[in-house]
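Biologist: I should like to ask for a close look at one part of this protein, explained for a student who is new to reading structures. Please describe the chosen part step by step and give the reasoning behind each description.

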Amino acid sequence: MNLTPDNPLFWFLVLAGLGLFLFGITSISRVIKKMAEGGLQKIMNKCLGNRFTGFLMGTLFTALIQSSSGTTALTIGMVRAGVLTFVAAASIIIGANVGTTITSFVISIPIAEYLSICVLIGGFIVLVATRRKYQNVGDLLFAIGCIFLGLWIMASNLKQLAAYDEFRAIMAFLTQNPWLGLVVGTVLTAAMQSSSAVIGVVQSLYAAAIAASIAAGTPSDITLFGVLPILFGANIGTTITALISSIGGTKDAKRAAVFHLIYNLSGALLFMGILFIPPIRSWVSSSGSWTLSPALQIAFSHLAFNVITALLFLAILKPVCHLVEKMIPGSDRVSSSIVIRELDSKVMASFPSEGIALGKEQVVSMFEYGKLMFETIGEYLDTGKPADAEFVHDIEGNIDKIDRQMNDYLLVADKGEMSPSDVTMLTRTLRACKDIERIGDYGENLITFFENAAERKQPLTGSTKDIVAKANQDAIALITKTIEAFKTDNRSASLSIIKERRALNSSLDDLIEHFFDDIPSGAESNREYVELIFVDIINCYQRVYSHCSNIAKLYGTDKKYNFDFEKETKLENMNYRY
């Protein structure tokens, strides 16, 4: 059935095809990330300080997930978490723009429409598969099929537009006004959040127009001179995702987003200028007579645009980054000298004793993050700076990353290679890791309470603030003692921590019991809100003290930790795996 543009069903089908295409692009990104299962972290860490490996990583990863916006948003998220530096992120962003060109090549292959059969194959695999890895393969094939099915539906209908005088007039107008084409490409991509979708639509329209002109024996109203500005605009429009991702982030996250905008805007303006050079303009205006297919003409143009821009910016990366740092001056608070180091599972598998020792060092680093979190909470109570609250959330994210890393790392050990003392140390390290992770959770709960109080314009004041500040100072002191006891396996220090925890919790219980009777009568208007959050705040601090005590009990009681390895492994898998 050949539908015409004056039939509403025509546009419904075009939009349905576009929806399938966008769904496929988004799904591929989701499935690839799921299949990677944390492997990306290892790749990202290898990119630190090297612009060329960062560029290659950004290119390859974007080619896999088919979304430069996704790669850029993820990169900025890692900058916010302190995992990537601004310069490393900039090189990844450059690579992401090159990697996204693979989409236009894939949809240019002659048998593209036949790949929609992947919908059936992928759907069948998902239906019958019982193991996750096979379900992931099915999801991936289904997503790939949706991309090509969506493109086929769009192309089958959009080719009807080429026969309409109104459409040819619009394209002729854009050819005469290429700067308007740049704006159109920018706006469409910003709206759809996918430059791949915009380029796919442009490829379909361009191919249909060329086919119609060949059939009619007349020159085409559409040439690359009119199409390329839309392509350049699509690269500008895709920066909106990075800008949104950086809102409320660190200085480096904002710099990465601004760099992305400068990079794509500069490339677009540079090539718009090149496009108007008389020999170049004459050449691209005769594209209708080229031997390359229309879709491949756009694919190669897109590749040339991104590769040339990438090479130029890689050559001047540091000066450009320095310029961006001037544009966004200042610095974020220094997180500390602690870094999330990568641990080699091969060491753990082959040399358990050394591997566990390395793991314990990493858990100590994790605990140091917990201490830094409560120090920052104390600063927030004094100043109320949003940057301190944001930093606490970032720390909690890093604590969670180390927790997941440690679970994967420590549990690869071969039981036949482990001595009873190794089992004891492994158990202690895993249990401490989980208690530290919970301390981080309570720290994030606390900063959320304090942020909500500030948003309600009812921040903690007076005696309430003094009580909470004292509880926070006690938490820092107890965490400090627990870190030292954990590092040195100190039994006497651990017993002291257990006793101190009992005393602290008892004093806070007494405080809660009498606190509300002591609220001044003039504070009645705030009484309900104070009652709502105060007990929760104190409870969080009590739980922090308790988790410190749990760690101390690993050394400070008469209990023995020579557990049966297989039972202990099952327990740890049950409690620590996600």
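The discussion below takes up salt bridges and then turns to helices and single residues.

Biologist: Which side chain meets that of Asp489 in a salt bridge, and where in the chain does Asp489 lie? Please begin there, and then place this contact beside other parts of the structure.

Modeller: The model is a predicted one, and everything that follows should be read with that in mind. Asp489 lies in the loop between α22, residues 462-488, and α23, residues 491-515. The side chain of Asp489 meets that of Lys360 in a salt bridge, with a distance of 2.6 Å from N to O. Lys360 belongs to helix α19 (residues 352-383), whereas Asp489 is in the loop between α22 and α23, so the pair ties together parts that are 129 residues apart in sequence.

The two partners may also be described by their accessibility. Asp489 has a relative accessibility of 40% and therefore counts as partly exposed. Lys360 has a relative accessible area of 9%, and it is buried because this value falls under the 20% limit.

The backbone of Asp489 deserves a remark as well. Most residues other than glycine have a negative phi. The phi of Asp489, however, is near 55°, a positive value in a residue that is not glycine.

The contact can now be placed beside others of its kind. The whole structure holds six salt bridges according to the search. Among them is the one between the side chains of Lys434 and Glu437, at 3.6 Å from N to O. Both residues are in helix α21 (residues 420-455), and because they are three residues apart, about one helical turn separates them. Lys434 is buried, with a relative accessible area of 19%. Glu437 is buried too, with a relative accessible area of 6%. Lys434 and Glu437 are also linked with Asp403 in a network of salt bridges.

Helix α21 contains a further pair, Asp441 and Arg438, which are three residues apart, or about one turn of the helix. The side chains of Asp441 and Arg438 meet in a salt bridge of 2.7 Å, N to O. Asp441 counts as buried at 16% relative accessibility, while Arg438, at 30%, counts as partly exposed.

From side chains we may pass to the arrangement of helices. Two packed helices are described by the angle between their axes and the distance between the axes. For α10 (residues 178-192) and helix α12 (residues 224-237), the axes come within 6 Å and cross at roughly 40°. That angle makes α10 oblique to α12. The crossing of α10 and α12 is right-handed.

Helix α12 also crosses helix α16 (residues 294-315): their axes come within 11 Å, and the angle is roughly 50°. Helices α12 and α16 are therefore oblique to each other. The crossing of α12 and α16 is likewise described as right-handed.

Helix α10 has a second feature, which concerns the surface. Phe173, Leu180, Val183 and Val187 make a nonpolar surface patch of about 350 Å². Helix α10 gives the largest share of this patch, namely three residues. Val183, one of the patch residues, has its place in helix α10. Val183 counts as partly exposed because its relative accessibility is 46%, which lies between the limits of 20% and 50%.

Helix α16 supplies a contrasting example in Gln297, which has its place in that helix. Gln297 has a relative accessibility of 3% and so counts as buried. The C-alpha atoms of Gln297 and Ala207 are separated by 9.7 Å, and the two residues are 90 residues apart along the chain.

A last residue to consider is Ala89, in helix α5 (residues 86-99). Ala89 is buried, since its relative accessible area is 0%. Its C-alpha atom is separated by 9.1 Å from that of Gly58, and Ala89 and Gly58 are 31 residues apart along the chain.

To return to the opening request, the close look began with Asp489, a partly exposed loop residue whose side chain forms a salt bridge with that of Lys360.

How values were computed. Residues numbered from 1 in each chain as written. Predicted model: local features only at pLDDT ≥ 70, side-chain atom pairs only at ≥ 80, totals over all residues. Heavy atoms only, no water. Patch = residues over 30% accessible without salt bridge, like charges linked within 9 Å, V, L, I, M, F, W, Y side chains within 5 Å. Areas by Shrake-Rupley, 256 points an atom, 1.4 Å probe, with all protein chains shown as cover. Salt bridge = Lys/Arg side-chain N within 4 Å of Asp/Glu carboxyl O. Helix = DSSP H or I, 4+ residues; strand = E, 2+ residues; numbered from the N terminus. Buried < 20%, exposed > 50% of the residue type's maximum accessible area, 1.4 Å probe, protein only. Axes fitted to C-alpha atoms, helices over the stretch in contact; angles between N-to-C directions. Parallel < 35°, antiparallel > 145°, perpendicular 65-115°, else oblique. Left-handed = near helix turned anticlockwise from the far one by under 90°.
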